[in-house]
Amino acid sequence: MAEEVRMAYPDLRHPFEKKPIHREGSATVLYAGKVIEIDRAVASESLWVTPEDLARINGFELKPEGACFEALCFPLGSGSKLLKEEGDQQWFDLVGFAEWLEQPYVADVENRVWSFGEVPAKREGMMANAMAPEFEVLDRQSNVVRMSDYKGKKALIITWSSW
Amino acid sequence: MPVWQHIYEELNDPNFVIISAAQDTGGEAVAGPIFDAANATYVQIVDVNHTISSAFNFINVPAAAWVDETGKIVRIDEGTYAKTHPFGGNDIYAPALKDWVKNGENSEYVQAAATVTKNIRTQSFDELKAEAAFRLGNFFREYGYADKTEHYWEMAKDLNPGSVNYIRQNLTLSAEGSAGESFMKMIGEYVGQGRDYYRPLDLSEK
């Protein structure tokens, strides 16, 4: 096994220069492989976003019937704790919504970065009936690669690492 | 890596693709040269956020899934070395793969949906949360926050202690690297807890 032992990459331990995460006063949301910077947010322990930013983050829209993604709607009702209005601006509690959906998240409040995991109900459906999950990643040439691009072919999906 | 390229060339089947994803927070700088050295011509992904492992619920490398023309998984999540290897590789997997590419659903190595479903790992709330923590650590790494990176990678490891990927990826931050003394000790504990380092490869399981 000795030949397998190698120091990873000492020069890469801290390879990047420290730089500002986002504009002063902004917040950043990480979800489903995306990095979404939000200029207007009320961020404390919770994260209140505008309806427009909610749609940018996870595709949910606020409608009379509730918070909706495609045909799926979660009724909010009047007086919902997930909604508040200040002046003309409506705010939606993204963290409260995640808790309601039992969607895991990790927040770095100090730097105003919120990382959301997948909604468990959605994740469970991903490999139902042994169907391959959809994913979207970039290849080394920056082409988008999706599982669904390979319908009609056999595919070996393989992971490895340099470490 | 060169072995997979060799198999890919040998099969030379336009209806077969290899999608190979390096689970490497070090990015192109560390994974790219390995792809290049193998003269890889298949789909090459440097998967900094371990997106492919997350999608297929993999917890170690190498791991693989066979996906047929209809998008159905017919084998999943086996220690997938193309040849013998001290960590549990063997020389029976690659011939089985070739058999499947040639014979499709008639291959004896194609598994029933129920078997595949049984072999797909489940994800608890904490394990899904570990992905969010790992992603956050990677984000901070990109911005040069080494302390935050370590904090969130550790959090990911604590939330999903079964993930060898998290254990070893974290060790790349240490001077001894991912296969040093700490790793050997940890793997001893891991196996001691009754966990398989890889799910045993059973080619007779239908």
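**Exercise 1. Place A:Asn111 and decide: buried or exposed?**

Solution. Start with position: A:Asn111 sits in the loop that links β10 (105-108) and β11 (113-116) of chain A. Strands (E, at least two residues) and helices (H or I, at least four) are DSSP runs, numbered from the N terminus. The model is predicted: local features need pLDDT of at least 70, side-chain atom pairs count only at pLDDT 80 or more, and totals for chains, interfaces and linings use all residues. Residues are numbered from 1 along each chain as its sequence is written, and chains are lettered from A in the order in which they are written.

Next, accessibility. A:Asn111 has a relative accessible area of 15%, so it is buried (under 20% is buried, over 50% exposed, partly exposed in between; 1.4 Å probe, protein chains only).

Last, partners. Neighbours within four places in sequence are left aside; A:Asn111 then contacts A:Ile21, A:His22, B:Phe140, B:Tyr145 and B:Lys148 (contact: heavy atoms within 4.5 Å).

**Exercise 2. How many residues of chain A and chain B are in contact, and what area is buried?**

Solution. Count: 64 residues of chain A touch 94 residues of chain B. Area: about 7000 Å² is buried between the two chains, and carbon and sulfur atoms give 65% of it. Buried area is the accessible area (1.4 Å probe) that two parts lose on being put together, summed over both. On the chain A side, A:Lys154, A:Trp160 and A:Trp163 supply 16% of the area that chain A buries against chain B, more than any other three residues.

**Exercise 3. At what angle do α6 and α7 of chain B pack?**

Solution. Helix α6 (residues 125-142) and helix α7 (residues 146-159) of chain B pack at about 165 degrees, with axes 8 Å apart. Axes are lines fitted to C-alpha atoms, for helices over the stretch in contact; angles run from 0 to 180 degrees between N-to-C directions. Therefore α6(B) and α7(B) are roughly antiparallel (over 145 degrees; under 35 is roughly parallel, 65 to 115 roughly perpendicular, the rest oblique).

Now the residues. In α6(B), those meeting α7(B) include B:Phe134 and B:Phe140. In α7(B), B:Tyr152 and B:Trp153 are among the partners.

**Exercise 4. Where is B:Gly79, and which residues does it contact?**

Solution. B:Gly79 is in the loop between β4 (73-76) and α4 (93-103) of chain B. Its 9% relative accessibility makes B:Gly79 buried. Beyond neighbours within four places in sequence, B:Gly79 contacts B:Pro62, B:Tyr198 and B:Arg199. The C-alpha atoms of B:Gly79 and B:Thr51 are 18 Å apart, with their positions 28 residues apart along the chain.

Conventions
Side-chain values use heavy atoms; hydrogens and water are left out.
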